[in-house]
Amino acid sequence: MSARRPKRVNRDESLRAHLKKLLDWEGAHVGFDAAVKGISPAARGAVPEGLDHSAWQLVEHLRRAQHDILDFCRNPRYAELSFPADYWPAEAAPPSEASWKESIAAFRRDREELKKLAEDTALDLFARIPHGTGQTYLRELLLVADHNAYHVGQLVAVRRALGDWKSA
């Protein structure tokens, strides 16, 4: 009786699938979509005592940072943004309901573009980004997933502090 060898895993395909899932993973924690779902308009611009940011500031920061990383990955003419001014909105509250909705929609659109980047088999994930300083596409995808998870956790903390969070 011979032992059966396990089927060989296509590591590139597996890595790409994991990266795609990681960008909106909700397995170990709340994801962006759940964190913004049902947030009351009054809670969007409130900064809870002891915390540094409002829900609006966190949502808009998530959008801006994720867009910046996507732009860096795709744009050979990428221009580095100024931190913190270009990454954080100055005002605690969104300027309008439309601004709130557009920020969330833009975050979701860019997240989908990052997933497409992860799936693109013509792109070597381990290759250095030509206009970068040594960063790889893999590093940037992991960076955006990590950054998003961190700030989504902060968004949930803001909602909890304001009494605007109902856990699933």
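Modeller: Buried means under 20% relative accessible area, and exposed means over 50%. Keep that in mind for this predicted model.

Colleague: Why is asparagine 148 called buried?

Modeller: Its relative accessibility is 5%. The cut-off is under 20%, so asparagine 148 counts as buried. Asparagine 148 lies in helix H6 and touches Leu62, Gln66 and Phe107, leaving aside residues up to four places away in sequence.

Colleague: How far apart in space are asparagine 148 and tryptophan 25?

Modeller: Their C-alpha atoms are 10 Å apart, with their positions 123 residues apart in sequence.

Colleague: What makes glycine 132 partly exposed?

Modeller: Its value is 24%. Partly exposed lies between the 20% and 50% limits, so glycine 132 fits there. Glycine 132 sits in the loop between helix H5 and helix H6.

Colleague: Why is the pair of phenylalanine 83 and tyrosine 87 called tilted?

Modeller: The ring centres are 5.6 Å apart, and the planes meet at 50 degrees. Pairing needs centres within 6.5 Å; under 30 degrees is stacked and over 60 is edge-to-face, so the rest are tilted. The structure holds four aromatic pairs.

Colleague: Are these two residues buried or exposed?

Modeller: Phenylalanine 83 is exposed, at 59%. Tyrosine 87 is buried, at 12%.

Colleague: How do you know that the span of helix H4 agrees with its length in residues?

Modeller: At 1.5 Å a residue, its 20 residues should span 28 Å. The end C-alpha atoms are 29 Å apart, which agrees.

Colleague: Why is H4 called largely enclosed?

Modeller: Because 16 of its 20 residues are buried, H4 is largely enclosed by the rest of the structure.

Conventions: Residues are numbered from 1 along each chain as its sequence is written. This is a predicted model: local features need pLDDT of at least 70, side-chain atom pairs count only at pLDDT 80 or more; totals for chains, interfaces and linings use all residues. Side-chain values use heavy atoms; hydrogens and water are left out. Helices (H or I, at least four residues) and strands (E, at least two) are DSSP runs, numbered from the N terminus. The expected span of a helix is 1.5 Å times one less than its number of residues. Buried means under 20% relative accessible area, exposed over 50%, partly exposed in between (1.4 Å probe, protein chains only). Rings of Phe, Tyr and Trp (its six-membered ring) pair if their centres lie within 6.5 Å; planes under 30 degrees apart count as stacked, over 60 as edge-to-face and the rest as tilted. Contact means heavy atoms within 4.5 Å.
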